[in-house]
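User: Could you walk me through how the labels in this model were assigned? I'd like the cut-offs spelled out.

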Amino acid sequence: MPTKREFLTHLTRDELLALVARFELPVSDRRVRDQLIDAIVQARSADLSEVLLGYPRDRLKELCRKLGLDDHGKEKAPLLDRLLGKTTTAAVEAQGAPSFDKAPPGPKPKATDKVNGRVADELNGSVASRPNGKRANGHTGAHAAELLALEWAA
């Protein structure tokens, strides 16, 4: 993760001047780049995340490359996370953190098994729809099969 000072050294003078003006920071000489950087680094109120949201994606990718960070991706959010040193959900998943999106698959029930009063064929989605297009539980299509499978896993 780059430090605030390292990040600011890669900004243009105009970008630094915009930051100083945005956060109303006192600078003795606005022509000196190092004074602009020092003022922004010392300011606790200078939150770079809200300013970076206004930058175009290509500029964020360029800053990532200059700082030696991964610049891949089509969305701005992961680029911002890399520049600000935040961990993204993709990085957490890559480290082996468990994902809670779906329940692990369980054994398939036999046709004679009953779960919560439903026959296993119903749970497997092979039950015919009613004339109104809804299944026995009031839901339609694949959503019904998914809900039934979740009820069976519980």
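**Salt bridges and burial**

Analyst: Let's start with Asp71, which forms a salt bridge with Arg65, their closest N and O atoms lying 2.7 Å apart. Keep in mind that this is a predicted model: local features need pLDDT of at least 70, side-chain atom pairs count only at pLDDT 80 or more, and totals for chains, interfaces and linings use all residues. Residues are numbered from 1 along each chain as its sequence is written, and side-chain values use heavy atoms, with hydrogens and water left out.

User: What makes Asp71 and Arg65 a salt bridge?

Analyst: The term asks for a side-chain nitrogen of Lys or Arg within 4 Å of a carboxyl oxygen of Asp or Glu. Asp71 and Arg65 come in at 2.7 Å, so the label fits.

User: Why is Asp71 called buried or exposed?

Analyst: Buried means under 20% relative accessible area, exposed over 50%, partly exposed in between (1.4 Å probe, protein chains only). Asp71 has 14%, so it's buried.

User: And why does Asp58 get its accessibility label?

Analyst: Asp58 has a relative accessible area of 54%, so it's exposed. Its salt-bridge partner is Arg57, at 4.0 Å, N to O. Arg57 has 31% relative accessibility, so that one counts as partly exposed.

User: What about Arg82, why is it classed as it is?

Analyst: Arg82 sits at 23%, so it's partly exposed. Contact means heavy atoms within 4.5 Å; leaving aside neighbours within four places in sequence, Arg82 is in contact with residues including Asp71 and Pro2.
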